[in-house]
Amino acid sequence: MIHKYKLNGYNIVMDVNSGAVHIVDDIAYDLLDYLDEDFSEQNREDIIGKLSSKYKKGEIEESYNEMIDLYKSGLLFSKDKVQNSPKIKYIDSPIKSMCINIAHDCNLRCEYCFAAKGDFGCGRVLMSEETGKKAIDFLIKHSGKRRNLEVDFFGGEPLMNFEVVKKIVDYARSKEKEHNKNFRFTITTNGILLTDDKIEYINKEMSNVVLSLDGRKEVNDRLRIFTNGKGSYDMIVPKYKKLVETRGDKDYYVRGTFTKHNLDFSEDVMHMYELGFDQISIEPVVSDEKLDYSIKEEDLPKVFEEYDKLSKKIIDLKKKGSHINFFHFMIDLDNGPCAIKRLKGCGCGNEYVAVTPQGDIYPCHQFVGKDEWKMGNLNDETFDGDMKKSFSKANVYNKNGCNDCWAKFYCSGGCNANNQEYEGDIMNPHKIACELQRKRLECAIMIKAALN
Amino acid sequence: MKHFKTINKGHLQESAVKGGCGECQASCQSACKTSCTVANQKCEK
Ligand code: SF4
Ligand code: SF4
Ligand code: SF4
């Protein structure tokens, strides 16, 4: 399978199964229209004839021969052998990542919060130290031979229960040697409760930190608000600056959400960049179509235009030697993840689980609070192996339509939670999310072409 | 080549043979928490 598209003056051809990327001229681009998966050299004359009104015969032939060479080298119309790999069936995969919802409470009331304004609809509670330790024990117990274990402190707002965060970190570290594990912690925060002490601690212990900010002041303060309706921008930005200045080369993301209210979100990315942040992620809001701020199908052309705009801005900055990293345009064509990883995706419910202050276990943070998706509980030591098994099958070869999608090795079959919520089944890709995903990939690869 | 300029050769098929060790990050975790993109993850090998 190939995918070809024109963007920003480039003709780009991707060979899906090998991952090869080519920039081609117009002749080669048009030539590819006449070829399909099982092309053979027999119809060569035919094809050349069809293009001869537009291009010189010699040029078409030359182009055709180049294409044959690429085909023979496995860089065009290559076959997918991964599909038959036994590694794709990974039923008994260990659990190696965990989202700890350390606080089902929040000091903001962001309009679009998927956690139902902090408590996931399960009541405002903080996780106890005891439950936190049980979560770490659970992870160690289920992680088999995996050495790298990831733990995210999430909420609600994790800083509302920071003392327990520290105790869990200490506890996990105390178990590393004995079990031959390496814990990596991430914390997501809205910044309100950040203090110098906390910044220092986070920069020391957390291998990644996600700082929520939606961009320009008016955009942020429209939805990221306190209970009294006041915006959070002025309070958090100076704190984020301080954190990032003292972070060294550890990972961080300033992460925002765009909604129908700021479809010109490239301005927000640039605003963040101008504030001095160079690791940026801005995501489309995930919400019910009926809500007024939702991204709907009719908004897609505008959103696409905005991704194009953002791509050009990033190319300009990079050409000037500036550093900016937009999460969704990050792509490593040479040394990215292996094909197995790419096809399995997020690992939700199989390699990754989320736990709540009550000790309940869910497939991931976005399933939290949905009773029918509860996998077990840390306190009574229950865990639903059958549900785990069904999640283990959620790879691109099993999801509806993914195997025929050119983006499969980059997207990995979409978000199971969104699929379930908006298409009724974890195996049914969420259409709008697919469109956005494919557009971002086209931009990301075009940026590579432009900077090549 | 004149008409095709290959900017990346792609090693996806070979990567499957050696890969699958599972040591890398779960993909939704690091930055977004709302979607799944794997192409931007780091391989631990
Ligand atoms: S660490 Fe690398 S080889 Fe192992 S599963 Fe992840 S991407 Fe594949
Ligand atoms: S973009 Fe959609 S159809 Fe394509 S692989 Fe991703 S989820 Fe599947
Ligand atoms: S199902 Fe969606 S939200 Fe949950 S871990 Fe996967 S990509 Fe992330």
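Ligand 1 is surrounded by residues from chains A and B, so its site is shared between chains. In this predicted model, chain A contributes A:P337, A:C338 and A:K341 to the surroundings of ligand 1, while chain B contributes B:G19, B:G20, B:C21, B:G22, B:C24, B:C43, B:E44 and B:K45. By class, the shell around ligand 1 is made up of five nonpolar, three polar and three charged residues.

Beyond the ligand site, 82 residues of chain A are in contact with 43 residues of chain B. The area buried between the two chains is about 5300 Å², and carbon and sulfur atoms give 52% of this area. Of the area that chain A buries against chain B, 11% is supplied by A:E66, A:F327 and A:K341, more than by any other three residues; A:K341 is also one of the residues that surround ligand 1.

The polar side of the interface can be set out as counts.

| Item between chain A and chain B | Count |
|---|---|
| Salt bridges | three salt bridges |
| Polar contacts (both at pLDDT 80 or more) | 28 residue pairs |

Helix α3 (residues 57-72) of chain A provides seven residues, the largest share of the side of chain A that touches chain B. That side of chain A comprises 35 nonpolar, 21 polar and 26 charged residues.

B:E44, which belongs to the surroundings of ligand 1, has its side chain in a salt bridge with that of A:R184, at 3.1 Å from N to O. The chains also meet through strands, since strand β3 (residues 21-24) of chain A and strand β1 (residues 4-8) of chain B pair in the antiparallel sense over four bridges, and within this pairing A:V21 has B:N8 of β1(B) as its bridge partner.

Definitions and conventions
Residues are numbered from 1 along each chain as its sequence is written. Chains are lettered from A and ligands numbered from 1 in the order in which they are written. This is a predicted model: local features need pLDDT of at least 70, side-chain atom pairs count only at pLDDT 80 or more; totals for chains, interfaces and linings use all residues. Side-chain values use heavy atoms; hydrogens and water are left out. A residue is near a molecule or strand if one of its heavy atoms lies within 4 Å of it. Ala, Val, Leu, Ile, Met, Phe, Trp, Tyr, Cys and Pro count as nonpolar, Asp, Glu, Lys and Arg as charged, and the others, Gly among them, as polar. Contact means heavy atoms within 4.5 Å. Buried area is the accessible area (1.4 Å probe) that two parts lose on being put together, summed over both. A salt bridge is a side-chain nitrogen of Lys or Arg within 4 Å of a carboxyl oxygen of Asp or Glu. A polar contact is a pair of N or O atoms within 3.5 Å; within protein, one must be able to donate a hydrogen and the other to accept it, and residues adjacent in sequence count only if both atoms are side-chain atoms. Helices (H or I, at least four residues) and strands (E, at least two) are DSSP runs, numbered from the N terminus. Two strands pair if DSSP finds at least two bridges between them.
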